[in-house]
Amino acid sequence: MNDAVQGLVRDFIGDTRAAVSSLTALLLIPLIGIVGLVVDVGYWYYKQRDMQNAADSAAIAAAQTPDEDLGFDGVNDDFIKTARGTALRYGYQNASGSTTVDAARVPCPADPTRTCTQVTIGYDSPLFFSPIVGFVGDSSGGNSQGVAALAIAGEPPDTGAIELCLVSLDTTSGTAGVLGNGVPFADLNGCDIFSNNDMTCNGNNMNAGSGIAVGTSSGCGLTQVSGADVFEDPYTELADNIPGDTCGGSYPQAYKQGKNNKTDTVANQFAGSPVVSGETIRCGDVVVTADTILNDTTLVIYNGRLILNDNTLTANNSTIIFAGDNNASYNHYVTDTIGGSNLTDSAIDISSPTSGDWSGVAIYTDPDLTTNVDTEQSGNAPAYAISGLMYTPNSNSIMSGIINKAGTGYECFVWVNNTLTLNGTAQIFANPTGSCDQQGLDVPSIGGNEGRPWLVF
């Protein structure tokens, strides 16, 4: 090699101009490929979680579809239709593009002698950037990546149905639907309780049976269960039985005069044994002016309270219903007084009907009411003796005393509310759901042969 050529080689090797640009260009392809692979994998993960939610819901819905009606070929496929219909609401339609939704009856994983329902959802996700680094998918000849979700639902084996006496419906994230606050001596007598949110008991489990929460169950109950499925309100459709408003827009409100609560509406003053039976509507606040006994009555209070006013209302084979609208001027609940200190002799003793439209229902608040519906028992003011359901679905309720069995009723008490705070020595009479069959109430339950299916896989 002559001197001129050698000089050119030395100059080329020694020239570092644009070296970084050249190196960057060489590294750019694998760098883009790695970033693209991360994007693709992230999308597959997101898609799988979305599909899993759909599969979970579809499995629960299909598990509740009975094998009764046979098709023309002698095969029942109603549960498959239910599964595919539920998945469609999440955006996954069977046989649409690469999406598949299948369902089958299968042996339960934990107990093969029982039958569960399995739902699988499949989808071929396109490859966006991962082919840059040579990734080949496992579907469509390597042009897509298969993503799948599987869920199995059935009744929990060998547990029996858990009957609930307290249910909190609130689903607000991070909220304690059931809160035991300063309850060192509280006693719920083994009552099983459920929260569609968190459940927290500070310092004492309140002698509840099972404390079951969709979020975290902390300290409540002899058995604590977290991560349960959301419990759907089983009593909302009873609102269809509420009679129409005949008040003509007039809802007189009570007022305080000295110690007593007053109403100028004679029909809304209850004392002794008023001539009231069957279905009766009252407009505005109802004031109990002396100890009162009702029998076989469905009392519907439109846009008003039931104010006990230091007296006892006994209602046998009866239901009290709060209805109306969400005008901030009106309130909808049982109370001892409308102002001032508590009236400790105020009490309500109510046993529900055992048959008919309001079978098992003692107190019912229209689920459409969301304003001024909170209930509070301060100590035993008012004192409750109830046999049947107390339904206050949008109430943030406070219980600080004892709830006894009604004098003429069975041992049966279920309280459905939005949130519930239990203070002091909150106590429910023993065996709160033990005789609800006799009282005519279908008790909300989960698990067991008669309960609502849970995800088991």
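What follows is a conversation about a predicted model of a single chain.

Biologist: How many helices and strands are in the chain?

Modeller: The chain has four helices and 29 strands. Buried residues account for 46% of its 457 residues. Take the contacts between residues at least 6 apart in sequence: 58% of them join residues at least 24 apart.

Biologist: Why is Gln-377 called buried?

Modeller: Its relative accessibility is 2%. Buried means under 20%, so Gln-377 counts as buried. Gln-377 sits in strand β23, residues 376-377.

Biologist: What does Gln-377 touch, beyond residues up to four places away in sequence?

Modeller: Pro-382, Ala-383 and Tyr-384 are among its contacts, and so is the run Ile-398, Met-399, Ser-400, Gly-401, Ile-402 and Ile-403. Between the C-alpha atoms of Gln-377 and Leu-422 there are 9.7 Å, with their positions 45 residues apart along the chain.

Biologist: What makes the pair of Gln-377 and Ile-402 a polar contact?

Modeller: A polar atom of the Gln-377 side chain lies 3.2 Å from the backbone oxygen of Ile-402. The cut-off for a pair of N or O atoms is 3.5 Å, so the distance of 3.2 Å falls within it.

Biologist: Which peptide bond is cis, and what is its omega?

Modeller: The bond joining Ala-381 and Pro-382 is cis, with omega about -5°. Pro-382 belongs to the loop between β23 and β24. Pro-382 is also one of the residues that Gln-377 touches.

Biologist: What lines the second largest pocket?

Modeller: There are 17 lining residues, and Thr-335, Asp-336, Thr-337, Asn-342 and Glu-376 lie nearest the centre. Two elements give two or more residues each: β20 (334-335) and β24 (383-399). The lining holds six nonpolar, eight polar and three charged residues. The space in this pocket is about 230 Å³.

Biologist: What makes an empty space a cavity rather than a pocket?

Modeller: In a cavity a 1.4 Å probe fits but cannot get out, whereas a pocket is an open set. One cavity of 30 Å³ or more is counted here. The largest cavity has a volume of about 50 Å³.

Biologist: Which residues line the largest cavity?

Modeller: The lining consists of Phe-322, His-332, Tyr-333, Val-334, Ile-363, Thr-365, Val-373, Thr-375, Tyr-384, Met-390 and Thr-392. Both β22 (361-365) and β24 supply at least two of them. The most come from β24, with three residues. By class, seven are nonpolar, four are polar and none is charged.

Biologist: Which residues have the most contacts inside the largest nonpolar core?

Modeller: Leu-166 and Leu-306 do, in a core of 43 residues. Leu-306 touches, among others, Val-286, Val-288, Ile-301, Leu-313, Ile-320, Phe-322 and Ile-348. Another core, of 31 residues, lies apart from the largest one and includes Leu-169, Ile-212, Ile-242 and Cys-436.

Biologist: How do you know that Asn-316 is buried?

Modeller: Its relative accessible area is 16%. The limit for buried is under 20%, so Asn-316 is buried. Asn-316 is in strand β18, residues 312-316. Leaving aside neighbours within four places in sequence, its contacts include Ile-293, Leu-294, Ser-351 and Thr-408.

Biologist: Why is Ser-352 called buried?

Modeller: A relative accessible area of 2% is under the 20% limit, so Ser-352 is buried. Ser-352 lies in the loop between β21 (347-351) and β22. Its contacts beyond four places in sequence include Asn-317, Gly-360, Ser-387 and Gln-439.

Biologist: What makes Ile-446 buried?

Modeller: The accessibility of Ile-446 is 1%, under the 20% limit, so the residue counts as buried. Ile-446 lies in strand β28, residues 445-446. Its C-alpha is 9.8 Å from that of Asp-229, although the two are 217 residues apart in sequence.

Biologist: Why is Ala-95 called exposed, and Asn-189 partly exposed?

Modeller: Ala-95 has a relative accessible area of 63%, and exposed means over 50%, so Ala-95 is exposed. Asn-189 has 24%, which is between the 20% and 50% limits, so Asn-189 is partly exposed.

Biologist: What is phi at Ala-95, and at Asn-189?

Modeller: Ala-95 has a positive phi of about 65° and is not a glycine. Asn-189, also a residue other than glycine, has a positive phi near 55°. Ala-95 is in the loop between α3 (78-89) and β1 (100-107). Asn-189 is in the loop between β5 (176-181) and β6 (192-195).

Notes:
Residues numbered from 1 in each chain as written. Predicted model: local features only at pLDDT ≥ 70, side-chain atom pairs only at ≥ 80, totals over all residues. Heavy atoms only, no water. Buried < 20%, exposed > 50% of the residue type's maximum accessible area, 1.4 Å probe, protein only. Contact = heavy atoms within 4.5 Å. Polar contact = N/O pair within 3.5 Å; in protein donor to acceptor, adjacent residues only side chain to side chain. 1 Å grid on protein atoms, 1.4 Å probe; cavity = no way out; pocket = protein on both sides within 12 Å on 5 of 7 lines; lining within 4 Å. Points joined across faces, edges and corners; volume = space filled by probe spheres on them. Nonpolar A, V, L, I, M, F, W, Y, C, P; charged D, E, K, R; others polar. Core = buried A, V, L, I, M, F, W, Y, C linked by side-chain atoms within 4.5 Å.
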